[in-house]
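Me: Could you walk me through the cysteine links in this one? I'd like to see the reasoning behind each answer.

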Amino acid sequence: HLQLVESGGGLVQPGGSLRLSCTASEFTLVDYAVGWFRQTPGKEREEISCIRPRDDHARYADSVRGRFTITRDSANNTIYLQMSSLKPEDTAVYYCAARHTSHCPAEFEFWGQGTQVSVSS
């Protein structure tokens, strides 16, 4: 069973930064498209970023473009989400997901358990 594990969540003040990590056990992420999602109670899950394999081209939701950056560290089998200029509305549980495909897909196969990000003063 392919597992993804997120880490790096926590409490941060508005305007602050956090870096989330997504790593995999038992398989390498180098050939996978990996996405970051977030969800708050009562709202639908939102894809906020995705990085595709080979050229690491990334896409971002309008809500985070210019503030968040997704990167791939193949040596450490980890996908990072660097979050800056955080706002209270960024508070959510953040999930990473993966699919073995050459482009960022509409649907992902494998999911992590999530990590909480809270932005508050």
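Me: Which residue does a disulfide join to Cys50?

Reply: Happy to help, and do keep in mind that this is a predicted model. A disulfide counts when two cysteine sulfur atoms lie within 2.5 Å. For Cys50, the S to S distance to its partner is 2.0 Å, and that partner is Cys104.

Me: How many residues apart are Cys50 and Cys104 along the chain?

Reply: Cys50 sits in strand S5 (residues 46-51). Cys104 lies in the loop between S9 and strand S10 (110-111). The pair therefore links distant parts of the chain, by the strands as DSSP runs, and the separation is 54 residues.

Me: Is Cys104 buried or exposed?

Reply: The cut-off for buried is under 20% relative accessible area. Cys104 has a relative accessible area of 17%, so Cys104 is buried.

Me: What is the handedness of the link between Cys22 and Cys96?

Reply: These two cysteines form a disulfide with their sulfur atoms 2.1 Å apart. Cys22 is in strand S3 (residues 18-25) and Cys96 in strand S9 (residues 92-99), 74 residues apart. The angle about the S-S bond is 70 degrees, and the link is right-handed.

Me: And what is the handedness of the link between Cys50 and Cys104?

Reply: Here the angle about the S-S bond is what to look at. It comes to -100 degrees for Cys50 and Cys104, making the link left-handed.

Me: Which pattern do the disulfides of the chain follow?

Reply: The structure holds two disulfides. With bonded cysteines counted along the chain, the pattern is 1-3, 2-4.

Technical notes: Residues are numbered from 1 along each chain as its sequence is written. This is a predicted model: local features need pLDDT of at least 70, side-chain atom pairs count only at pLDDT 80 or more; totals for chains, interfaces and linings use all residues. Side-chain values use heavy atoms; hydrogens and water are left out. Helices (H or I, at least four residues) and strands (E, at least two) are DSSP runs, numbered from the N terminus. Buried means under 20% relative accessible area, exposed over 50%, partly exposed in between (1.4 Å probe, protein chains only).
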